[in-house]
Amino acid sequence: MTVAIFGAAGQLGRDLVPRMAALDEDVIALTRTDGDFTQPLSIRTFLATQRPRWVINCAAYNFVDRAETEPEAAFAVNAVAVQVLAEACRAMGTKLVHFSTDYVFGRDESRQTPYREDDPPGPVNVYGQSKWRGEQAVLAASVGHLVIRTCGLYGVWGSGGKGRNFVETMLRLAAAGQPLRVVNDQRCSPSYTVDVAETTVELLRRDAEGVFHVTNTGDCTWYEFAVEIFRQAGLEPELTPITSRDYGATARRPAYSVLSTQKLTSIGLPSPRPWPKALAAYLKERGMKSTLT
Ligand SMILES: NC(=O)c1ccc[n+]([C@@H]2O[C@H](COP(=O)([O-])OP(=O)(O)OC[C@H]3O[C@@H](n4cnc5c(N)ncnc54)[C@H](OP(=O)(O)O)[C@@H]3O)[C@@H](O)[C@H]2O)c1
């Protein structure tokens, strides 16, 4: 039997592909060249030919700021193509595993406790709206499909679509000797793609259905994350906390989008390790000594 992975060249896809060996499945790793989500009919044709046992979708339009000015592009990849994929999978009796984001939340400005899977979404930007629409399409097509919401991903392959992840950006700017200003009023749970990939494999092993949150545990602001990156990397750049307003990004971001991982525990899976430990593992994997033991 085979598992087809779309977005296999992205940072999560790259860590997921080798871990499917744990399930004893053959993997078809698909990139944009094999199936372009802006041409969803080609995806349907591909699936009908290959008839995989599982389909995992790591492909996404991830340009959060750019989505504000090109919403059609975001919705085409994150919602329209996902609906085609979900319906094609249902028609073949294939389970779809789809990734989504903490950015489906954020409209509740008073929120200070982690979001559960059954909390009503309320995105504050176009990217979040497109991802929420994608989630809805997946779950409407089949209750057997699985949606995994994650957050603030970083993996050693960098971010395929965006060029670099947050950790790499911080290290690159620090190495260039530039003073850094990092937002300190957006709280979430940055997550290591290795940990998300390993938990995904366990969810597949248990044939989990519906929505699950998979992030490293604990939370921080992006400024607090940067402080810990530099502490572990043994660097001391000039680092200043700023507000989102001062930063002036095009897209609004949630002030709080921490996801609860308790549902994992309810099916006997451990929550992924705390984010500082995951960061240490990442720095070790990419070949930079971490001071965290
Ligand atoms: N990155 C984050 O911080 C974050 C946070 C929360 C949730 N997520 C979700 O987690 C999942 C994986 O994210 P990631 O960080 O691994 O993303 P990524 O590194 O940007 O990878 C996304 C992949 O999607 C592919 N893709 C983009 N447009 C496509 C199209 N039209 N047709 C086919 N493939 C296309 C990209 O291909 P190319 O390499 O050819 O561009 C890339 O390989 C996504 O669902 C994302 O929404 C990410």
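Which strands does helix α3 lie across, and at about what angle does α3 run to β4? Helix α3, residues 71-92, lies across β3 (54-57) and β4 (95-101). Its direction is at about 155° to β4. The model described here is predicted.

**The sheet**

Strands of a sheet pair through backbone hydrogen bonds, either parallel or antiparallel. Here, six strands form an open sheet with parallel pairing. Their order is β2-β1-β3-β4-β5-β10. The edges are β2 (26-30) and β10 (210-213). Each has a single partner strand, so one side of each is left without a neighbour in the sheet. From one strand to the next, the twist averages 20°.

At the β10 edge, strand β5 (residues 146-150) runs parallel to β10, and four bridges join them. One residue pair can be named: isoleucine 148 has phenylalanine 212, in β10, as its bridge partner.

**Helices across the sheet**

A second helix, α4, lies across β4 and β5. The table sets α3 and α4 side by side.

| Helix | Residues | Lies across | Angle to β4 |
|---|---|---|---|
| α3 | 71-92 | β3 and β4 | about 155° |
| α4 | 126-141 | β4 and β5 | about 160° |

**The core**

In soluble globular proteins, nonpolar side chains tend to be buried together. The largest nonpolar core in this model has 81 residues. Ile5, Val55, Ile56, Cys58, Leu85 and Ala86 touch the most other members. Helix α3 gives this core its largest share, nine residues.

Cysteine 58 deserves a look of its own. Leaving aside residues up to four places away in sequence, Cys58 touches Ile5, Phe6, Gly7, Ala8, Gly10, Leu12, Gly13, Leu16 and Phe99.

Methods
Residues numbered from 1 in each chain as written. Predicted model: local features only at pLDDT ≥ 70, side-chain atom pairs only at ≥ 80, totals over all residues. Pairing = 2+ DSSP bridges. Helix = DSSP H or I, 4+ residues; strand = E, 2+ residues; numbered from the N terminus. Axes fitted to C-alpha atoms, helices over the stretch in contact; angles between N-to-C directions. Contact = placed C-beta atoms within 7 Å. Core = buried A, V, L, I, M, F, W, Y, C linked by C-beta atoms within 7 Å. Buried ≥ 20, exposed ≤ 12 C-beta atoms within 10 Å, placed from the backbone.
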